[in-house]
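Trainee: I would like to take a close look at a single part of this model with you. Could you walk me through it slowly and then follow the threads that lead away from it?

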Amino acid sequence: MNAELMNVTGEPIREKSEVLLAVQNVSLRFGGVKAISDVSFDIRKGEVRAIIGPNGAGKTSMLNCINGFYQPQEGQITFKGQRRDRMKPHRAAAAGIARTFQNVALFKGMSTLDNIMTGRTLKMKRGFFWQALRHGPAMTEEIEHRRVVEDIIDFLQIEHIRKLPVGKLPYGLQKRVELGRALAMEPELLLLDEPMAGMNLEEKEDMCRFILDVNQQFGTTIALIEHDMGVVMDLSDRVVVLEYGRKIADGTPSEVKADQKVIDAYLGVAH
Amino acid sequence: MFYREAGQFKSTYQADMAVFPIRQDRIGLAVILLIAFIGIPLIGNDFFITSVMIPFLVFSLAAIGLNILTGYTGLISLGTAAFMGVGAYAAYKMTTAFPGVNIIVLILVSGLFSAAIGVLFGLPSLRIKGFYLAVATLAAQFFLQWAFVRVPWLFNYNASGAIEVPQRLLFGIPVTGASASPETRYYVCLCLVIVMTWFASNLVHGKIGRSWMAVRDMDIAAELMGIKLLTAKLLAFAVSSFYAGVAGAMMIFLWYGGGEAADVFNIRLSFNILFMVIIGGLGSLIGSFFGAAFIASLPTIMKFGLPALGVPLSGATAEHVTFMLVGALIIVFLIVEPHGLARLWQIGKQKLRTWPFPY
Ligand SMILES: Nc1ncnc2c1ncn2[C@@H]1O[C@H](COP(=O)(O)OP(=O)(O)O)[C@@H](O)[C@H]1O
Ligand SMILES: [Mg+2]
């Protein structure tokens, strides 16, 4: 749509890569409340795509549409070239979409290890019979996946809390475990809903580094909701800005920052 | 001092994933098994074996079943006794129809019948939770309990209105019926409970157990991991009811032995099993044993133990005191320690691990 603009300022490599997810004319209503109105944007393979906007702009609702928690009344969502009308969350997971939540949604009674192991569920194929025996192929499989999970634990530097129940961990660590659980799914598209909210500066820096590493080392495409504009500028390739459920800008961080409508939205200028 | 894991390094993931990673725990388990297999039949008299040990084993199995549903998957059920009944009546009908088939096989197969019924009554669990689900399972309890009494075909039109357990042999030895010795029945119960506990432990420590707990702790996130909520919940209902069914068949065939068994699968039994799970510890297999031991032995201790110690207590008073004690404990555990006796056991072990230096 604004390809010309991006040729001037965007990154050429990302520019050419194919579209992984396309959101077209999506509208979502809750009774009389319009959470999203006619929003279109796309996410390209390998990029970090930020979604920003004031509180209540519809950012979380947009992620919920993408992974099937909400069914938009209008519009369509295409993932990997396949259009899905009514997608169930577990189908989205199987298709390669993982996510973290704005208010941490961990399995509180389970250990860090078990939480992250849960992310491997879809990749574990042994059925009830072998699970009941927990020997032979089931054990081999369990060990194989445990290895992957230990790598993730190393990567996120959470070895020391491996066996602790996550419910008692400090908030910053919980967010890290939640990222680990999503990474364990080896997703193609990772949706992060305010991964740095409520963190101190040091924790934020760590989280930033993890997100960049995930993007660069594993090539995972990331869609990120974040309020801290500094973080958004540093991390993202392209930014889409929502306000009152509408898209008001879309482009590289510097373009978006210079956009008058975005400045107004963030400064709270009355329309 | 002696309960230490120092020097026991786990060099493989397999060792780290063992259910009993600490050597002393494994020794403890071996000692318990030795006592169960050799000590108790040697020392215990018939009364102790039939009125304490066999009920304890049967209740433990039923409590494990309910714990899988309520403790691990977070779905409450007040229909445990009814699912136990399905197992008992299924075993009775099958052994009537196929007297030649090994009774142990039939007891296990009868669990499949209650698994099927459990799944049926578990279907609403996708839509309803908590209180409403409890009411739905209560409907199962009342409907099935009614059927057990009112459908004479189920108890072969016996005048007693109850299952009359026939004699069945295993390797030429009677295991059910009037001539089966308490020791034989105890051994059969013990073996069944050990094998089924091992299966349950395998399930809860692997992928399936994790998906149950994920559903319990945060169902929307579980769905996001690719876990199908309906499948996970129905599987929990199936496995749970299977355990209840086998426990019910064991109760009639290996414990009661017939006769007095009319209308035993009542709501009080359902509540008793639920109390075992709560007091023992939600989401803990070992807790199921603690809870069963506690609830099953308390009335006996009150009735026979206290008078033996010189505390005068009439039968009726003993019963009332038992009721009040259990009620108070339930409230205490629900408020203070939802993980029950199992948690206290863990804390105790933790203290022992660091003893005599608290830090
Ligand atoms: N489940 C829901 N039911 C009703 N209204 C909702 C629901 N989810 C979101 N909304 C509404 O949709 C709008 C957008 O919310 P949300 O997507 O959470 O915004 P953001 O994440 O950008 O802060 C808000 O007005 C919110 O009240
Ligand atoms: Mg939000």
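In which helix of chain A does A:Glu150 lie? Please start there and work outwards.

Mentor: Happy to. One caution before we begin: this is a predicted model. A:Glu150 lies in helix H7 of chain A, and H7 spans residues 137-155. The residue is buried, because its relative accessible area is 4%, and the cut-off for buried is under 20%. Leaving aside its neighbours within four places in sequence, A:Glu150 is in contact with A:Leu113, A:Arg162 and B:Tyr13. The last of these names takes us to chain B, so let us turn to the interface.

The contact between the chains draws 37 residues from chain A and 30 residues from chain B. Within the share of chain A, A:His90, A:Phe128 and A:Arg134 supply 19% of the area that this chain buries against chain B, more than any other three residues. The area buried between the two chains is about 3200 Å², and carbon and sulfur atoms give 68% of that.

Polar links cross the interface too. The rule finds 10 residue pairs in polar contact between chain A and chain B, both residues being at pLDDT 80 or more. Four helices of chain A each supply at least two residues of the side that touches chain B: H4 (89-95), H5 (112-118), H6 (128-133) and H7 (137-155). H7(A) gives the most to that side, with six residues. By class, the side of chain A that touches chain B has 17 nonpolar, eight polar and 12 charged residues.

Now to the charged pairs. Side chains of opposite charge can pair when their charged atoms come close. Across the interface of chain A and chain B there are three salt bridges by the rule. One of them joins the side chains of A:Arg146 and B:Asp16, at 2.6 Å from N to O. B:Asp16 also forms a salt bridge with A:Lys163, where the closest N and O atoms are 2.8 Å apart. A:Lys163 sits in the loop between H7 and helix H8 (171-183) of chain A, while B:Asp16 belongs to helix H1 (residues 13-16) of chain B, so this pair joins two chains. The two partners differ in exposure class: A:Lys163 counts as partly exposed at 48% relative accessibility, whereas B:Asp16 counts as buried at 17%.

Let us step back from the interface. Over all chains, the structure holds 20 salt bridges. Here is one within a helix: A:Arg209 forms a salt bridge with A:Asp206, their closest N and O atoms being 3.0 Å apart. Both residues lie in helix H9 (residues 201-217) of chain A, three residues apart, which is about one turn of the helix. A:Arg209 is partly exposed, with a relative accessible area of 36%.

Another pair leads into a network. The side chains of A:Lys247 and A:Asp250 meet in a salt bridge of 3.1 Å, N to O. A:Lys247 is partly exposed, with a relative accessible area of 27%, and A:Asp250 is buried, with 14%. Salt bridges that share partners join these two with A:Asp42, A:Glu47, A:Arg49 and A:Arg238 into one network.

The metal site deserves a visit as well. A:Thr60, through OG1, and A:Gln102, through OE1, coordinate the magnesium ion (ligand 2), at 2.0 to 2.2 Å. A:Thr60 lies in helix H3 (residues 59-66) of chain A and A:Gln102 in the loop between strand E6 (97-100) and H5, so the pair ties together parts that are 42 residues apart in sequence. A:Thr60 is partly exposed, with a relative accessible area of 26%, and A:Gln102 is partly exposed too, with a value of 26%.

Helix H3 of chain A holds one more residue to look at, A:Asn64. This asparagine is buried, with a relative accessible area of 9%. Not counting residues up to four places away in sequence, A:Asn64 touches A:Phe69, A:Tyr70 and A:Arg99. With A:Arg99 there is also a polar contact between the side chains, at 2.4 Å.

To come back to your starting point: A:Glu150 is a buried residue in H7 of chain A, and H7 is the helix that gives the most to the side touching chain B.

Terms used. Residues numbered from 1 in each chain as written. Chains lettered and ligands numbered in written order. Predicted model: local features only at pLDDT ≥ 70, side-chain atom pairs only at ≥ 80, totals over all residues. Heavy atoms only, no water. Contact = heavy atoms within 4.5 Å. Buried area = accessible area lost by both parts, 1.4 Å probe. Salt bridge = Lys/Arg side-chain N within 4 Å of Asp/Glu carboxyl O. Polar contact = N/O pair within 3.5 Å; in protein donor to acceptor, adjacent residues only side chain to side chain. Nonpolar A, V, L, I, M, F, W, Y, C, P; charged D, E, K, R; others polar. Donors = N, O, S within 2.8 Å, 3.2 Å for Na, K, Ca; no water. Buried < 20%, exposed > 50% of the residue type's maximum accessible area, 1.4 Å probe, protein only.
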